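User: I am new to this structure. Please take me through it, and give the grounds for each term as we go.

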Amino acid sequence: MKFDFVKWQACGNDFVLVNAFNGEDVSEIRNNAEKICDRHFGAGADGVIFILPSKVADFRMQIINSDGSEAEMCGNGIRCFAKAVYGAGLTTKRKFAVETGAGIIIPEIQEDGTVHVDMGEPILEGDKIPVAGFGNGKVINEDIIVDGKNYKMTCVSMGNPHCVVFVDDINEIKLDEIGPKFETHSAFPRKTNTEFVEIKNDGYVRMRVWERGAGITLACGTGSCATGVACMLNNLTKRQIQVELDGGILKIEWADNNHIYMTGPATKVYEARWVD
Ligand SMILES: N[C@@H](CCC[C@H](N)C(=O)O)C(=O)O
């Protein structure tokens, strides 16, 4: 397997980006995502992202988690994607449309190098909320028992599933122990990403994440959007907040048009060729 790739990171959430915009066959790369993401025997990444052509948008983005599973959307990834396609000269537009498993997402590269993204509307009920046993209604501040302990969860889909849990002290959460138990809990037939959130004030929260298919990561963009929505649904914050993650800070807004807007950085790390 030989292919060129570019390593990107956004708030420390890191990705191998592969350009297949001209219709290259990337099935072998896709099937080897777990090996490529391995931090000891591979390039090391939280996921592999493919730049693909689209019939309905300027581009299509596909994200494969580090365990080889496919996700519908990736918030940090789309900021990397936006700067990668612009930097590679695949578009001259700074604002464009990207087809994802969560619908059309619109990133816009700002003058300061950050990327402002229209992440679309959050989904609060229906079949995209993967919570069994709670009917099809909204899941806001509902009980869930995980590993014998009762937690209050709010479930938000940004195209991909998120379970947001508010805690008094985030430093007391043993993410590596409890994260996998949420991910594979029977309440979530499609598994879930889980965000633990401590409210600092009505405009600033601290969040740590256990990602479906990737485990502990330094940041999650869709998870930050879901966190913002959950904060606002529970009347804990204003509609514009900053989410402090282990790898950086994201600005999240739930606007009057019901769209979520996310703003944050994305940085190229290196270019390389995989040869094995
Ligand atoms: N880190 C991403 C989310 C990646 C996908 C997630 N693990 C899933 O399976 O849904 C982000 O920044 O949104």
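Analyst: Let us start with a loop. Asp147 lies in the loop between E9 and strand E10 (149–157). Keep in mind that this is a predicted model.

User: Why is Asp147 called exposed?

Analyst: Count the C-beta atoms around Asp147. There are 11 others within 10 Å. A residue is exposed if the count is 12 or fewer. Asp147 has 11, so Asp147 is exposed.

User: What makes the phi of Asp147 worth a remark?

Analyst: Its sign. Phi of Asp147 is near 55°, a positive value, and the residue is not a glycine. Most residues other than glycine have a negative phi.

User: Which loop holds Asn141, and what is its phi?

Analyst: Asn141 sits in the loop between strand E8 (115–118) and strand E9 (142–146). Its phi is positive too, near 55°.

User: Why is Asn141 called partly exposed?

Analyst: Asn141 has 13 C-beta neighbours inside 10 Å. Exposed needs 12 or fewer, and buried needs 20 or more. The value 13 falls in between, so Asn141 counts as partly exposed.

User: Now the binding site. What does the record cover?

Analyst: An unreviewed UniProt entry carries the annotation "binding site". Among the residues it covers are Asn13, Asn65, Asn76 and Asn160. Glu211 and Arg212 are also included.

User: How do you know that Asn13 is buried?

Analyst: Asn13 has 31 C-beta neighbours inside 10 Å. The cut-off for buried is 20 or more. The count of 31 meets it, so Asn13 is buried. Asn13 belongs to strand E2 (residues 13–19). Beyond its neighbours within four places in sequence, its contacts include Asp46, Asn76 and Gly247.

User: What makes Asn65 buried?

Analyst: The rule asks for 20 or more. Asn65 has 22 C-beta neighbours inside 10 Å, so Asn65 counts as buried. Asn65 lies in strand E4 (residues 59–65). Setting aside residues up to four places away in sequence, Asn65 touches Gly47, Ala71, Gly213 and Ala214.

User: And why is Asn76 called buried?

Analyst: Around Asn76 there are 37 other C-beta atoms within 10 Å. Again the cut-off is 20 or more, and 37 meets it, so Asn76 is buried. Asn76 is in helix H3. Not counting residues up to four places away in sequence, its contacts include Cys11, Asn13 and Gly221.

User: Which residues come nearest to the ligand?

Analyst: Ala71, Asn76, Asn160, Gly221 and Thr222, out of 19 residues around the ligand. E4, helix H3 (75–87) and helix H5 (221–233) each give the shell at least two residues. By class, the shell has five nonpolar, 12 polar and two charged residues.

User: How do you know that the shell draws on domain 1 and domain 2?

Analyst: At least three shell residues come from each. Domain 1 covers 2–120 + 265–275, and domain 2 covers 142–258, according to the domain assignment. Their centres, taken over C-alpha atoms, are 23 Å apart.

User: How many residues are in contact between domain 1 and domain 2?

Analyst: 23 residues of domain 1 are in contact with 18 of domain 2. On the domain 1 side, H3 gives the most, with three residues. That side has eight nonpolar, 11 polar and four charged residues.

User: Last, the strands. Why do E15 and E16 count as a pair?

Analyst: Two strands pair if there are at least two bridges between them. Strand E15 (residues 240–245) and strand E16 (residues 248–254) have six, so they pair, in the antiparallel sense. Gln242 stands opposite Lys251 in E16. E15 and E16 form a hairpin, with two residues between them.

User: What makes E16 and E17 a pair?

Analyst: The same test, at least two bridges. Four bridges join E16 to strand E17 (residues 260–264), so these antiparallel strands pair as well. Ile252 stands opposite Met262 in E17. The hairpin of E16 and E17 has five residues between the strands, and Asn258 in it takes a positive phi near 75°.

How values were computed: Residues numbered from 1 in each chain as written. Predicted model: local features only at pLDDT ≥ 70, side-chain atom pairs only at ≥ 80, totals over all residues. UniProt positions renumbered as here; feature names shortened; annotations may be inferred. Contact = placed C-beta atoms within 7 Å. Near = placed C-beta within 6 Å. Nonpolar A, V, L, I, M, F, W, Y, C, P; charged D, E, K, R; others polar. Domains from an automatic or database assignment.
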